[in-house]
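Colleague: Please take one part of this model and walk me through it closely. Start from the residue you find most useful, then work outwards.

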Amino acid sequence: MSILEADSIRYNINGRQLLSDIYLKLETGKVTALVGRNGEGKTTLFKIIYGVLHTEDRSVRVDGKYPGPQLYKVPGVLGFLPQKTFTPKHLKVKNLFSIYNLNMSDCFADFPELAKCVNASFGSLSGGETRLFEIYFIVKSPFQFVILDEPFTLISPIFIERLKAFLTKEKANKGILLSDHLIHDVMDVCDDLYLLNMGVLKKTTIQEIKISYLRISE
Ligand SMILES: Nc1ncnc2c1ncn2[C@@H]1O[C@H](COP(=O)(O)OP(=O)(O)OP(=O)(O)O)[C@@H](O)[C@H]1O
């Protein structure tokens with residue numbers, strides 16, 4: 001098992017303390033979820049952990065060692081799915097599988113509805129198809145950990161169900177950190193759950209989220 005710990009993270013934006021003294025732990029074999037309302041700083045925290053956004057106060061350890069501030073430069077440790085698409089539109093889907101060195105049949109076994117896209121150029125796909133392929137490429141790439149920023153958003157219900165099954169299977173090989181506003185889908189797949197509220201990150205439970213965040217009383 002491997003552990004990634006993000007510790008002592010603070011970040012100020014326009015004089016406002018967006019993140020204060022954050023501690024977050026990821027483990028391989030688990031899906032860890034981060035929930036919080038719009039603008040709470042979830043994406044900002046992801047970018048800081050990944051190393052593309054600088055802050056003076058940041059400590060990220062992988063198995064107790066410090067790989068350096070730009071984790072994205074360290075091979076095989078951490079992959080990141082941003083909210084916006086990042087794949088060049090002119091590339092054909094089948095060529096992307098070659099670039100990522102991934103097997104198309106494996107992908108279409110998990111997502112049969114995507115098989116029809118194999119000869120299409122990436123730019124001609126629907127928003128949901130685009131998103132699923134990018135999630136697939138990041139999750140299947142040889143990283144110990146992956147961060148998925150809003151993987152369920154923009155995806156149709158059938159694809160969400162397939163994606164949840166896929167993530168539940170793939171966590172056997174890696175640690176997955178995700179955030180999404182589709183809280184019920186998040187709760188279906190997560191093993192560990194954190195709530196980001198007013199700059200403070202707190203480990204929580206599904207029960208607590210239902211009561212305090214979704215206002216569902218049972
Ligand atoms: N480059 C920037 N310049 C100024 N403000 C920014 C910048 N990037 C983010 N912010 C602000 O920082 C806050 C946190 O943004 P962030 O995108 O991290 O939130 P989030 O929790 O991911 O939100 P959402 O759930 O809507 O995606 C927001 O108030 C946002 O407007």
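Modeller: Keep in mind that this is a predicted model. I start with Ile147. Outside its neighbours within four places in sequence, Ile147 is in contact with Phe46, Ile49, Tyr50, Leu78, Phe80, Leu81 and Leu177. Ile147 also belongs to the largest nonpolar core, which has 55 residues. Within that core, Ile147 is among the residues with the most contacts, together with Ala33, Ile49, Leu132, Val146 and Leu163. Ile49 therefore appears twice: as a contact of Ile147 and as one of those core residues with the most contacts.

Next, Phe143. Phe143 sits in the loop between α4 and β6, and β6 covers 145–149. Is Phe143 buried or exposed? Phe143 is buried, because 20 other C-beta atoms lie within 10 Å, and 20 or more is the cut-off for that class. Leaving out residues up to four places away in sequence, Phe143 touches Gly76, Val77, Leu78, Gly79 and Lys174. Leu78 is thus a contact of Phe143 and a contact of Ile147. Tyr66 is another matter. Phe143 and Tyr66 are 77 residues apart along the chain, and their C-alpha atoms are separated by 17 Å.

Now the helix before that loop. Helix α4 spans residues 127–140, and helix α5 spans residues 157–170. Their axes come within 12 Å and cross at roughly 0°. So α4 is roughly parallel to α5. Which residues meet there? From α4 they are Gly128, Leu132, Ile135 and Val139; from α5 they are Phe159, Leu163 and Glu170. The contact divides into five nonpolar residues, one polar and one charged. Leu132 and Leu163 take part in this contact, and both are listed among the core residues with the most contacts.

Asp185 is worth a stop. Asp185 lies in helix α6, residues 183–189. Asp185 counts as buried, because it has 21 C-beta neighbours inside 10 Å. Beyond residues up to four places away in sequence, Asp185 touches Phe152, Ile160, Lys164 and Asp180. For Ile160, the sequence separation from Asp185 is 25 residues, and the C-alpha to C-alpha distance is 7.9 Å.

Turn to the loop between β4 and β5. Strand β4 covers 59–62 and β5 covers 78–81, and Asp63 is found in the loop between them. Asp63 is exposed, because 12 other C-beta atoms lie within 10 Å. Its phi is near 50°, a positive value in a residue other than glycine. Most residues other than glycine have a negative phi. Lys65 has its place in the loop between β4 and β5 too. Lys65 is exposed, with 7 other C-beta atoms within 10 Å. Lys65 and Asn197 are 132 residues apart in sequence and 29 Å apart in space, C-alpha to C-alpha.

Asp21 also has a positive phi, near 55°. Asp21 lies in strand β2, residues 16–27. Asp21 counts as partly exposed, with 13 C-beta neighbours inside 10 Å.

Last, the ligand. Ile13, Leu18, Gly36, Asn38, Gly39, Glu40, Gly41, Lys42, Thr43 and Thr44 surround the ligand. These residues divide into two nonpolar, six polar and two charged. Helix α1, residues 42–50, gives the largest share of this shell, three residues.

Methods
Residues numbered from 1 in each chain as written. Predicted model: local features only at pLDDT ≥ 70, side-chain atom pairs only at ≥ 80, totals over all residues. Axes fitted to C-alpha atoms, helices over the stretch in contact; angles between N-to-C directions. Helix = DSSP H or I, 4+ residues; strand = E, 2+ residues; numbered from the N terminus. Parallel < 35°, antiparallel > 145°, perpendicular 65-115°, else oblique. Contact = placed C-beta atoms within 7 Å. Nonpolar A, V, L, I, M, F, W, Y, C, P; charged D, E, K, R; others polar. Near = placed C-beta within 6 Å. Core = buried A, V, L, I, M, F, W, Y, C linked by C-beta atoms within 7 Å.
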